[in-house]
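Reader: I'm new to reading protein models. Could you walk me through how the words get attached to the numbers?

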Amino acid sequence: MARGVGLFDLTGRLALVTGSSQGIGLAIARGLGEAGARIVLNGRHPEKLEKVAADLQNAGIEAHIAAFDVTDHSAVVQAIDAIEREVGAIDILVNNAGINRRSPFEEIRPDVWHEVMGTNLHSVFYVAQAAGRHMLARKRGKIINICSIMSELVRPTVVPYATAKGGLKMMTKGLCAEWAKHNIQVNGIGPGFFKTELNAPLIADEKFSSWVCGRTPAGRWAEVDELIGAAVFLASDASNYVNGHILYVDGGLTSVV
Ligand code: NAP
Ligand code: GCO
């Protein structure tokens, strides 16, 4: 096995990142590509993905696109099988696609509850199972689930989101229990408060933004590129004996009251 920085080399590996048309997913896809991986981008809109793929290709990264809705089980299975058939074996899966819908619990409509749970939790069951079946046959694979500090803690108005992310933490540990013996490392990343479109309303709210900076020991919001190191680590040989772990990239937030 390689030693030192060679442990983090992803050359020749194929990575699928769900929800990588923007935000954290795109940053992780670019970072894995810069570490040598071939990339499959995902989102619901082909034209948006084509633009992003072109940017990555201009940066010297081999980028493919697979437009599918992660909440659509049959579309997921068809897309994963097509990637395996037409692009190559998926070595690295990052389950990143996610949404947040903020509302007091008593006002949440059932369709909104199911939209959040479907996108943030049920989709990972669909995608991890479809890709994992191929990984099991090869006895190797890396799965990274994008959890959240809300996998551990919660604030008012985000109960569906935190419920889903708490479930995703336990799904990560459950897949460790079943698949670690097959040389499939399943881990999570738990981001703190990052500057993305998902949080645009919060960033624009001076009072909330000030609270984030005060609640976070690092004293600031995070930039999406600050997740790349954790993603490359968990996607590489450097983490071959790391299983069922949620790596919090949160400026220290989950470590303090
Ligand atoms: P974002 O900027 O809103 O991006 C969300 C991504 O998910 C987009 O690429 C979107 O693609 C995709 N997506 C949404 N629904 C989808 C679906 N049904 N099928 C396929 N793709 C779908 O959000 P973000 O802040 O980068 O968040 C990404 C992940 O990180 C989420 O799981 C989120 O919970 C998690 N997270 C974020 C933070 C944060 O501070 N931002 C912190 C902790 C965890 P299209 O709309 O183009 O289809
Ligand atoms: C919110 C935010 C958070 C962050 C992130 C924190 O409304 O509190 O959207 O949920 O997105 O998940 O880790």
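Author: Sure, let's begin with one term: a polar contact is a pair of N or O atoms within 3.5 Å; within protein, one must be able to donate a hydrogen and the other to accept it, and residues adjacent in sequence count only if both atoms are side-chain atoms. Now take G192: a backbone N or O atom of this residue lies 3.2 Å from an oxygen atom of ligand 1. With 3.2 Å set against the 3.5 Å limit, the pair is a polar contact.

Author: One caution about the source: this is a predicted model, where local features need pLDDT of at least 70 and side-chain atom pairs count only at pLDDT 80 or more, while totals for chains, interfaces and linings use all residues. Residues are numbered from 1 along each chain as its sequence is written, chains are lettered from A and ligands numbered from 1 in the order in which they are written, and side-chain values use heavy atoms, with hydrogens and water left out.

Reader: What makes the pairs of S21 and R44 with ligand 1 polar contacts?

Author: A polar side-chain atom of S21 is 2.7 Å from an oxygen atom of ligand 1, and for an N or O atom in the side chain of R44 the distance is 2.8 Å. Both fall within 3.5 Å, so both count.

Reader: How do you know how much of ligand 1 the protein covers?

Author: On its own, ligand 1 has 890 Å² of accessible area, and the protein covers 94% of that. Such areas come from the Shrake-Rupley method with a 1.4 Å probe; for residues, only the protein chains shown count as cover.

Reader: Why is ligand 2 said to sit in the largest pocket?

Author: A pocket is found on a 1 Å grid over the protein atoms alone: an open set of points where a 1.4 Å probe fits, with protein on both sides within 12 Å along at least five of seven lines. A molecule sits in one if more than half of its atoms lie within 2 Å of its grid points. Ligand 2 sits in the largest pocket, so it passes that test.

Reader: Which residues line the second largest pocket?

Author: Among them are R13, D91, R140 and K142. Lining residues have an atom within 4 Å of a point, so each of these does.

Reader: And what makes I149 a polar contact of ligand 2?

Author: A backbone N or O atom of I149 lies 3.3 Å from an oxygen atom of ligand 2. That is within 3.5 Å, so the name fits. Likewise, N100 has a polar side-chain atom 3.1 Å from an oxygen atom of ligand 2.
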